[in-house]
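Work through the two exercises below with the sequence and the structure side by side, and try each task before reading its solution.

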Amino acid sequence: MKIDLPPESRIFVAGHAGLVGSAVVRRLERAGFSNIQTATRHQLDLRDQSEVNHWFKANRPEYVFLVAGTVGGILANSTRSAEFIYDNLMIHGTVVDASHRYQVRKLLYLGSSCIYPRQATQPITEDQLLTGPLEPTNEWYAIAKIAGIKLCQAYRRQYGCDFVSAMPTNLYGPGDNFDLTSGHVLPALMRKFHDARESGATAVEIWGTGSPMREFLHVDDLADACLFLMERYSHDSHINVGTGVDLSIRELAEKVRDLVYPNAELAFDSSKPDGTPRKVLDVTRLKDLGWQPSIGLDDGLASTYEWFVDQHRQAGHLRGVELATSS
Ligand code: GDP
C-alpha cells in the first residue's frame, strides 16, 4: 500500500553529506519536500546515543533515511576495520533506537550487498542472508550492516515500528570518493586514468586480476528507489536495490579508459586482492513492486566523469582539461 508523505513532512536524512545522502536530499528537493532535516558531523555525532536523542527530541523527524556510515573500498575495509565495525554499529543503533523513542513514522535503513555470503548463488536473492561465511575483505562492514537489518526487524517485531531495510549494490555518481586509498573501484579508476592522462603515463594500474564481477547503480537511481520504498515498502525482510546486470573489473576499466584516456594500457597488479568473485543482486522483488533504474552505465560514467572534472577545475587542480569524449 502506498503512503503519501505530505510535502511539509519533517524528513531527516542521516548522512546527508555523503554520496547517498546528498543524492537523497536532491531527490527529496526535486519532489517538493520543504522540511528536509540534516545535521553535520560537528552538530551531531551519530555514534553518541545521548546526542542523537537530544537531536531527535528537538527536531522531531517524522521520516528518517538512515544512510549514514563509515564506508570505503577494499583497501580501507581491511586497514580501518575497527572504524568500519564500530562506527556503523553505533550509528545504526543510536538512530534506530531514537526513531523508536521519538515515534518516527517510518525509517528506511540502507545496508549493502556485501552482507551476503561470499559463495552466494548468483544472482543473489534476499533469502540468502546468513546462509554462509562472508567475504573476509569486508566482513567488518558487513557484520555491522547485517546488525542494522536485524535492528530494524527487532524494533518492528517488538515495538511495531515501521522500519524497513534496503540493500543497494555498488554505487557511484556525483559526490563519490575519488581518493585512491579509501575509494571504491569506479571513482578510483576514473581518477587513475585521469591522472595518467594528465601526466602522460602510458599504463594505469588496476588492482587484482580484473576477473571479479561487479554491478553498479547510479546514486540518483538509488535515491529514487529510496523514496519509492519509503512510500511503498513495509516488510520485515530487507529488499535488494540494483540493476541485476554486472560486468568484470576488466570491462569496467576498459569503459573508463575509453571515456577518459583511450591510449592508456591496463596493468593488472595481481598482488592486490580481488575480493568477492561476484555479487550481482536478484532485483525481482523490487521490479515486481514497479521500480527499475533509468541511468545506464555508459551515461552514468560520462556524467560522473564530467562532475569529477568540474570539481577539480573548481578546486583549482585542473588547468583547462577537456573531456576525452564529446558525450
Ligand atoms: P568491493 O566491491 O567491496 O570489493 O570494493 P572495491 O570497489 O574497492 O573493489 C572492487 C574490485 O575492484 C576489487 O576486485 C578490487 O581489487 C578492484 N580494483 C581494481 N582497481 C582498483 C582500485 O584502484 N581501487 C579499488 N578500490 N578497487 C580496485
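The exercises that follow concern a predicted model, and they turn to the nonpolar cores and then to the ligand.

**Exercise 1.** Find which residues touch the most other members of the largest nonpolar core, and trace which elements build that core.

*Solution.* Begin with the membership: the largest nonpolar core holds 39 residues, and Leu46 and Phe56 are the ones that touch the most other members. Next, look for the elements that give two or more residues to this core, which are β1 (11-14), α2 (49-59), β3 (63-66), α4 (81-101), β4 (106-110), α5 (139-159) and β5 (163-168). The largest share, 6 residues, comes from α5. Then select Phe56 and leave aside residues up to four places away in sequence; its contacts, taken as heavy atoms within 4.5 Å, include Phe12, Val64, Val95 and Tyr102. Finally, turn to another core that lies apart from this one, with 33 residues, among them Leu222, Ala225, Val241 and Leu286.

**Exercise 2.** Describe the surroundings of the ligand, from the shell of residues to the polar contacts and the covered area.

*Solution.* First, gather the shell: 18 residues surround the ligand, and the closest are Ile74, Lys192, Arg214, Pro273 and Asp274. Sorted by class, this shell has 9 nonpolar, 5 polar and 4 charged residues. Both α6 (185-199) and β7 (203-207) supply at least two residues of the shell, and α6 gives the most, with 4 residues. Now consider individual atoms: an N or O atom in the side chain of Arg214 is 2.8 Å from an oxygen atom of the ligand, while a nitrogen atom of the ligand lies 3.0 Å from a backbone N or O atom of Trp207. Last, consider the area: of the 540 Å² of accessible area that the ligand has on its own, the protein covers 98%.

Conventions
Residues numbered from 1 in each chain as written. Predicted model: local features only at pLDDT ≥ 70, side-chain atom pairs only at ≥ 80, totals over all residues. Heavy atoms only, no water. Core = buried A, V, L, I, M, F, W, Y, C linked by side-chain atoms within 4.5 Å. Buried < 20%, exposed > 50% of the residue type's maximum accessible area, 1.4 Å probe, protein only. Near = heavy atom within 4 Å. Polar contact = N/O pair within 3.5 Å; in protein donor to acceptor, adjacent residues only side chain to side chain. Areas by Shrake-Rupley, 256 points an atom, 1.4 Å probe, with all protein chains shown as cover. Nonpolar A, V, L, I, M, F, W, Y, C, P; charged D, E, K, R; others polar.
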